[in-house]
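Notebook open, coffee poured. I want to look up cores, sheet and helix packing, one entry at a time.

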Amino acid sequence: MVKIPADDWHVLSGSYALDALPDPERVEFERHLQHCPSCEAEVRGLRETAARLAMARALQPPLGMEQRVLAAAYRTRQLPPLPSDRLRAARDHRRAQVARRFAPRRIAAFAAAASVAAAVALGITQVSTQHRLESTQASNAAISQVVTAPDARIETTRTSAGGSVTVVASAALREAVVTGTGTPPAGRVYQVWVMSPSAARSAGLMAGPSTVLASAVVPGDRIGITVEPAGGTSKPTTTPVAVLPA
Amino acid sequence: MARVARGDHRAFELVYGGLAGPVYGVVRQVLRDPAQSEEVAQEVLLEVWRTASRFDPARGSAAAWALTIAHRRAVDRVRSECAGSRREQKAATGMVPDDDAAEVVAATLDHQRVRRCLDGLTELQRESIKLAYYGGYTYPQVAHLLGVALGTVKTRIRDGLIRMRDCMAVTW
């Protein structure tokens, strides 16, 4: 047992988040965390920060590693949920189903499922597909996941209507964050489209400078912005003021 | 992750696509040896598959969860006896090699953002964090390497990390 003065607990959170506590202190600190909600919250935030340090050093994994990992995984039995997790698992499942039910039919079922999986995988649980289609503001968490994706690419262009549009896209996440700086004419909105060679589907509306998250974006898709009547339309009705690669 | 926990292969492939680079990168940063790093990175990603049902989104992002496992595994490997001799030479000099620019996946936004935020720290904060996280050293080892008091290092690591957190939270 290591004696740690009461005042020193908080100062250990940083070292703990970086795995820099020697073992005896780590064990003590973990015990302390169980009845110190403020320490726990701080550690959680600092772990996210540490994760960003890791992401900044992302490397291309060796050739063949993906096949080896996937093959090993599919031979490996997964742990069952802990009993207390069961309710939550059921809730997540329901949420995924609800999100899928509201996905437009145009999106292939596979693409919808994949985007929900990616969203859930990366912790964007609060953003359902429905919400994403109706909302003009993407959540910061969802945005930060795309913007911090190791393969994020950025494109900016000026629109023919005056403002500028920036697209940050991650092929791995199949998502793109679209940020516009312009303000549309009165009674109109900017509508963001994911345009494939054969169709355009709405990713959201911008009534002023704002950000929209486009999901289920596949290679070859482009992001287009059109001026539409307030409330948006189901298909583009005007020539895009900007088109960028997704 | 909920789908991964239900054994969905496609969902796991997506998770793999998002995490393999950062997992391999951080393990390699700590271990340096490519063969050992690949072995540990594979273990970590397999662990993500195996324990997906234990991931709790209320307690943080999946990326942070997986990268915490990755860093912990790498550090455990370093601190156990089987650490390679190459690594021990590094420990003797207390050197944290900078990223091999050619190998880092492009100049990602994250890379630029982290670099900019690290630049905003004091030198002692920055060196303490880099030695602890990228070097895999414990804070007493960091204190020894930097020739400062234990309490100073603990404080600098926490203050520096909090500053990093706030710096990176500012919307781009």
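Before anything else, I fix my cut-off: I count a contact when heavy atoms lie within 4.5 Å. I also remind myself that this is a predicted model.

**Entry 1, the main core.** I looked up the largest nonpolar core, which has 76 residues. Which of its residues touch the most other members? I got L18(A) and M164(B). I then checked which helix gives the largest share of this core, and found α2 of chain B, residues 9–31, with 12 residues.

I followed M164(B) further. Leaving out residues up to four places away in sequence, I listed T49(A) and L53(A) from chain A as its contacts. On the chain B side, M164(B) touches V114(B), C117(B), L118(B), L121(B) and I129(B).

I also noted another core lying apart from the largest one. This other core has 20 residues, including A203(A), V212(A), V217(A) and I223(A).

**Entry 2, the sheet.** I traced four strands of chain A in an open sheet, ordered β1-β2-β3-β6, with antiparallel pairing. The edges are β1 (153–158) and β6 (210–214), each paired on one side only. Ignoring direction, I get an average turn of 15° between neighbouring strands.

I zoomed in on one pair. How many bridges join β1(A) to β2 of chain A? I have six, with β2 spanning residues 164–170 and the two strands running antiparallel. Within this pair, I154(A) stands opposite V168(A) of β2(A).

**Entry 3, a short helix in chain B.** I pulled up α8(B), residues 139–146, and asked which of its residues are buried. They are Y139(B), V142(B) and A143(B). Why do they sit on the same side of α8(B)? Because they cover an arc of only 100° around the axis. As a general reminder to myself, an α-helix has 3.6 residues a turn, so residues three or four places apart point the same way.

Next I looked up the partners. The buried residues of α8(B) pack against α1 (12–17) and α2 (23–33) of chain A, and also against α7 (123–134) and α9 (150–169) of chain B. Just after α8(B), I noted that G147(B) has a positive phi of about 65°.

**Entry 4, a helix pair.** Back to α2(B), this time with α3(B), residues 34–50. I read a packing angle of about 145° and axes 9 Å apart. Left-handed or right-handed? The crossing of α2(B) and α3(B) is right-handed. Among the contact residues I jotted down F12(B), L19(B) and V27(B) on α2(B), and V40(B), V44(B) and W49(B) on α3(B).

Technical notes: Residues numbered from 1 in each chain as written. Chains lettered and ligands numbered in written order. Predicted model: local features only at pLDDT ≥ 70, side-chain atom pairs only at ≥ 80, totals over all residues. Heavy atoms only, no water. Core = buried A, V, L, I, M, F, W, Y, C linked by side-chain atoms within 4.5 Å. Buried < 20%, exposed > 50% of the residue type's maximum accessible area, 1.4 Å probe, protein only. Pairing = 2+ DSSP bridges. Axes fitted to C-alpha atoms, helices over the stretch in contact; angles between N-to-C directions. Arc of directions from axis to C-beta. Left-handed = near helix turned anticlockwise from the far one by under 90°.
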